[in-house]
Structures are given as structure tokens and as C-alpha cells.
Amino acid sequence: MAVLPAGFALPPLPYLLALLAALGAVGALLVRQRPPVTDDIVLALAPWMVLGSAFHVLYVLESLPPAVRPLAGTPAVYLSVAAVAGATWLGSATLASGETPRLLGGVGLVALVPVVAAVVGVGVGRRSLRLRPPLAILLLSAVAAAATWALLRRRSPDVALTGRVGALAVAGHALDGVSTAVGIDLLGFGERTPLSALIIEFAASLPTASLIGSGWLFVLVKLVVAAVVVAALTDMVREEPTQGRLLLGFVAAVGLGPGAHNVLLFAVA
């Protein structure tokens, strides 16, 4: 059985070496300087998570220049954005430590806007732009995330210690789950990740498939797993705040990145 997502391929060797060198240098400097990891810092990384997704959508749409295209595939896009985001974090912490979250998030937003505009421009140029599915996904995801977070806080009050980062992790996976379900059941898209595809295939074999489709089980699994992981990391956030917040940020990125990718792709493809 395949483990890696469809389309997973390393970039040409020169690009790969340059990405690894850049990421290694930035990582070493971050370890050396150890800038504070607060809720605001992790939240400021959210635009960068979406930036990578938007960049990859342009890759899927074959709308990037040949020289840039190898940086936007999977997994190169993760390395590319991580290196630039890390360098921005370092620069922000050095130039204005008190304004680091604002600068980090602001630069991410400034970089994100033209990339999203380029995605929309492709949709307009191809006359394939449709806004209703993305808006419906965002609305349903917000409802699912809010309900899951409220239930989680009621069942495990200590999860409040994870703060906005914990909520972001739940919201990211709600977006991924809902967008995947809509793409599968209503828009005719497929699932590239093997494990996710297995869950959807199992749901398609159930009697409920003819009534409510096959994506509902994936949404449920994503929400349950996100809630369990956030609850499990609560003690780490309490005892080791830096490591706990970074892990929660990673959990959020694993959901928010694919979810944002789906929303943007469904809007134009």
C-alpha cells in the first residue's frame, strides 16, 4: 500500500541541496538564538502555512515560471516556506523583539496576498472561478471547529491552557476535513493521501453512503483526532511551553495547510 501522497516527488538535486542548506542554516540560527515561542508567535505563522498552500495550488495549476516551479512541489514547498518564515522570524526577533509576532505575521500576510491574487487570477482567466463552494466550506468548517472546541473544553477544562493555538489546531483540521468531504462528495475531486483515501473508501462501503456521501467519516475522524491530540498536549504546554506550543503549531499546520489548499483549488479548478 502506498504511504506517501500522490504527486510526492523530490525537486531536482540543485534545488534540493539549496533548500536543505537554507533550512539547515535557519534552523541552526533559531536553535542558537532561541527566540521566545508564544501563542502570538505560533499564530503569526498561520499566514505562512496558507502561503505554502497557495503556492502549491499555482504549482498544480501549472501557472509558475519554470525556474520557480521546483520550489512549489511536494515536499519542496514545505521546505521553501519554512526557510523563508524562519528567516523572517529571526530577522523580526533581531530588529524589533517586542514586535516580533506583528512583523512575522505581517510579512506573511504581505507575501500571501499576491499569491492568492495570482490563484484567483488564474481562475478568472480560465473562467473557472467559483466562490460558493469555498464560502460554504469556510462556514461549515467554522461551525464544526467551534462546536468541537466547545465540547472539548467542556469535557477537558484543562485544554484551555493550549489557548488560541489549540483552537487553531482544531480549526485547521476542521477545515481540512470539511473541504475534503465537500471535494469528494459534491465537486468530484479525489483524495491524494493514502490513509485518508482508505477512510473515505470505507465510508463509501457503508449503507449511509447513498444518503450522506462518503466524506462525513473523514470529517469525524479529523475532528476526533485533533481534539485528542490537543488534549494530550495540554500537559506539555503546561510543563514545557516552548515544545508544547511548537508541537501544537505543527498539528495546526498539518490541518490548515491542506485545508487552505483545498479551498483555493476548489475555487479555481
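**Exercise 1. Work out how the radius of gyration of this predicted model compares with that of a compact globule.**

Solution. Start with the chain length: the protein has 269 residues. For that length, a compact globule would come out near 18 Å. Now look at the protein itself, which has a radius of gyration of 19 Å, so the two agree. For a feel of the outline, the C-alpha atoms fill a box of roughly 55 × 50 × 35 Å along the principal axes.

**Exercise 2. Find what share of the residues is buried, and what the accessible surface is made of.**

Solution. Take burial first, with the cut-off at under 20% relative accessible area. By that rule, 44% of the 269 residues count as buried. Next, the outside: the accessible surface adds up to about 13,800 Å². Carbon and sulfur atoms own 70% of that surface.

**Exercise 3. List the secondary structure elements, then set them beside the UniProt record.**

Solution. Count the elements: 12 helices and 0 strands. Reading from the N terminus, that gives α-α-α-α-α-α-α-α-α-α-α-α. Then turn to the record: an unreviewed UniProt entry puts the feature "transmembrane region" at several stretches, including residues 43–61 and 165–189. Check these two against the model. Residues 43–61 are 89% helix and 0% strand, with the end C-alpha atoms 28 Å apart. Residues 165–189 are 84% helix and 0% strand, and here the end C-alpha atoms sit 30 Å apart.

How much of the contact network links residues far apart in sequence? Consider contacts with a separation of 6 or more: 76% of them join residues 24 or more positions apart.

**Exercise 4. Decide whether Ser80 is buried or exposed, and name what it touches.**

Solution. Locate the residue: Ser80 belongs to helix H4, which covers residues 76–95. UniProt also lists 76–96 among its "transmembrane region" stretches. Now apply the cut-off: buried means under 20% relative accessible area. Ser80 has 10%, so Ser80 is buried. Finally, leave out residues up to four places away in sequence, and Ser80 touches Leu19 and Leu71.

**Exercise 5. Trace which residues make the nonpolar surface patch, and which helices supply them.**

Solution. Collect the members: Val120, Val124, Leu129, Leu131, Leu135 and Leu138. Together they make a patch of about 520 Å². Then assign helices: H5 (100–125) and H6 (132–155) each supply at least two residues of the patch. Val124, for one, is found in H5.

Technical notes: Residues numbered from 1 in each chain as written. Predicted model: local features only at pLDDT ≥ 70, side-chain atom pairs only at ≥ 80, totals over all residues. Heavy atoms only, no water. UniProt positions renumbered as here; feature names shortened; annotations may be inferred. Helix = DSSP H or I, 4+ residues; strand = E, 2+ residues; numbered from the N terminus. Patch = residues over 30% accessible without salt bridge, like charges linked within 9 Å, V, L, I, M, F, W, Y side chains within 5 Å. Areas by Shrake-Rupley, 256 points an atom, 1.4 Å probe, with all protein chains shown as cover. Salt bridge = Lys/Arg side-chain N within 4 Å of Asp/Glu carboxyl O. Rg over C-alpha atoms; globule rule 2.2 N^0.38 Å. Buried < 20%, exposed > 50% of the residue type's maximum accessible area, 1.4 Å probe, protein only. Contact = heavy atoms within 4.5 Å.
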